[in-house]
Amino acid sequence: MVREGRRFILKGLPEELRRHPEEVARLRKEYSLGLRVNHPAVAAVYGFEWTEQTGPVIVMEYVDGISLDEFIGENPPVGQRYKIACRIADALSDIHSLGIAHRDLKPDNILITRRRSEPKIIDFSLADGDDSVIYKTSIGTAEFGAPEQQRPTIGDTTADVYSYGRLLELLLPERRYKRLREACLADDPASRPPMEQVSEQLAAMSSNRRPHTGLYIIAAVSIAALCVAAILFYQRPPESSEFPEPTAAPPEAAPPVHDTVTVYHNVPNTQGTRSIPSTPAPAEEPESLKAILQKYIDEADAAIARHGGIPYDGIPTDEINDRRNARTKETFDIAGRAEKEMKESGATAIDVEQMIYTYWWHVSNLLNEVDGVNERRDSIIHR
């Protein structure tokens, strides 16, 4: 329908059911529940009309979009899928706070707008409210409905949490979201977290592990750099271009076996081969570098202590992100100053790489320790 240059949707009944009191009552219930919801991720309900041409109809927001299934079929990037999952979770949390359960959450009932890729939850025909007294039983949709909805029971908000877990399997199948999915998909309705908690946890995950992941990547790159440097150093070609035919080494010439990693000093001899000391000693970190490293580790410890573990409760998501970003930036700045001082002290590139790797290993472990209390608390709540 178009009114005053604007499109609307009229949701009504087939002509043969327009005079059926029970069906009209169902439509009125859907209208009354939808009218109470005011969230940008839920298709808005504007009014209820009855004309000879249309019969009873709900006047609703027009959404120019595609179904969630079609959207996922276009293989959108994970950042876009994550944003949509957060929007849906926030909308369901708002709906549940009003005492309303959707009870038929599935991809067909979620539209993704074409222009901005924003989700819109539609179709409250099976919805129920705490204050409703009619049409309470809902079987939902088998693939996305909760196990208890497959029996003649009254579905409530916990059924929506289960259905949301099914949606997460489609939107965010990545491993990092596995624990949240499993919590939503618990068979026992009482074991599922409330939607408000699901929404908060998902929002916190936008930065909860990214700094840590960055640290792990830095550590991995550092290790790889050390390995490449070691290979290049210890497998340099001999100065002589003439190579003797390989011969079996006598037993007494075999290098000694050590329980720890040993660094051998390669000294070309007159035959152009490398001689190995009979009693090689493990390389030791220069004491000056240890002192520099400890100074900057202490500085990082103090910086992290100032920020502390970032709790989820009572802090807006934007503030959590800002605090985490500030904490991460500070540890990176400290690492940069540490590397600069070590290089100025005359240390070799390999020694500096090893020291910086040790720094990040310590910082990563400390961040996991100070933030881990949140994950342990969430795990207890889930159980």
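Start by selecting residues 78–97, which is helix H3. Its buried residues (under 20% relative accessible area, with exposed meaning over 50% and partly exposed in between, using a 1.4 Å probe and protein chains only) are Arg81, Tyr82, Ile84, Ala85, Cys86, Ile88, Ala89, Ala91, Leu92, Ser93, Ile95 and His96. Colour those and look down the helix: an α-helix has 3.6 residues a turn, so residues three or four places apart point the same way.

You're looking at a predicted model, where local features need pLDDT of at least 70, side-chain atom pairs count only at pLDDT 80 or more, and totals for chains, interfaces and linings use all residues. Residues are numbered from 1 along each chain as its sequence is written, and side-chain values use heavy atoms, with hydrogens and water left out.

Now put a distance between the end C-alpha atoms of H3: they are 28 Å apart, which agrees with the 28 Å that its 20 residues should span at 1.5 Å a residue. That expected span is 1.5 Å times one less than the number of residues. Just after the helix, click on Gly99, which follows H3 and has a positive phi, near 80°.

Go back to the other side of H3 and pick Asn75, in the loop between helix H2 (68–73) and H3. Asn75 has a positive phi too, about 55°, although it is not a glycine. Is Asn75 buried or exposed? Asn75 is exposed, with a relative accessible area of 66%.

**Glu118 and its surroundings**

Next, select Glu118, in the loop between strand E7 (110–113) and strand E8 (119–121). Glu118 has 17% relative accessibility, so it counts as buried. Which residues does Glu118 touch, leaving aside its neighbours within four places in sequence? Show Lys83, Arg87, Leu111, Ile112 and Thr113; Glu118 is in contact with them, contact meaning heavy atoms within 4.5 Å.

Move on to Asp123, in the loop between E8 and strand E9 (128–129). Asp123 is another residue other than glycine with a positive phi, near 65°.

**The aromatic pairs**

Time for some rings. The whole structure holds 5 aromatic pairs; rings of Phe, Tyr and Trp (its six-membered ring) pair if their centres lie within 6.5 Å, and planes under 30 degrees apart count as stacked, over 60 as edge-to-face and the rest as tilted. Show Phe8 and Tyr46 as sticks: this pair is edge-to-face, 5.6 Å centre to centre with 85° between the planes. Phe8 sits in strand E2 (residues 6–11) and Tyr46 in strand E3 (residues 45–51), so the pair ties together parts that are 38 residues apart in sequence. Phe8 is buried at a relative accessible area of 13%, while Tyr46, at 38%, counts as partly exposed.

Add Tyr31 and Phe48 to the view: they form a tilted pair, 5.5 Å centre to centre and 50° between the planes. Here the partners are in helix H1 (residues 21–36) and strand E3, so the pair ties together parts that are 17 residues apart in sequence. Both Tyr31 and Phe48 are buried.

While you have rings on display, bring up Tyr62 with Arg7, which lies over the ring face at 5.6 Å from the centre. The test here is that NZ of Lys or CZ of Arg is within 6 Å of the ring centre and within 35 degrees of the ring normal. Then jump to Phe332, Tyr359 and Trp360, which form one aromatic cluster.

**Thr54**

Select Thr54, in the loop between E3 and strand E4 (55–61). Its side chain makes a polar contact of 2.8 Å with the side chain of Thr51; such a contact is a pair of N or O atoms within 3.5 Å, where within protein one must be able to donate a hydrogen and the other to accept it, and residues adjacent in sequence count only if both atoms are side-chain atoms. Not counting residues up to four places away, Thr54 touches Leu10 and Arg18.

**Two more helices**

Select residues 157–171 for helix H4. Of its 15 residues, 11 are buried, so H4 is largely enclosed by the rest of the structure. Among the buried ones are Tyr162, Tyr164, Leu167 and Leu168.

Finish at Arg323 in helix H9 (residues 317–344). Arg323 is partly exposed at 26%, and its C-alpha is 7.3 Å from that of His307, 16 residues apart in sequence.

How values were computed:
Helix = DSSP H or I, 4+ residues; strand = E, 2+ residues; numbered from the N terminus.
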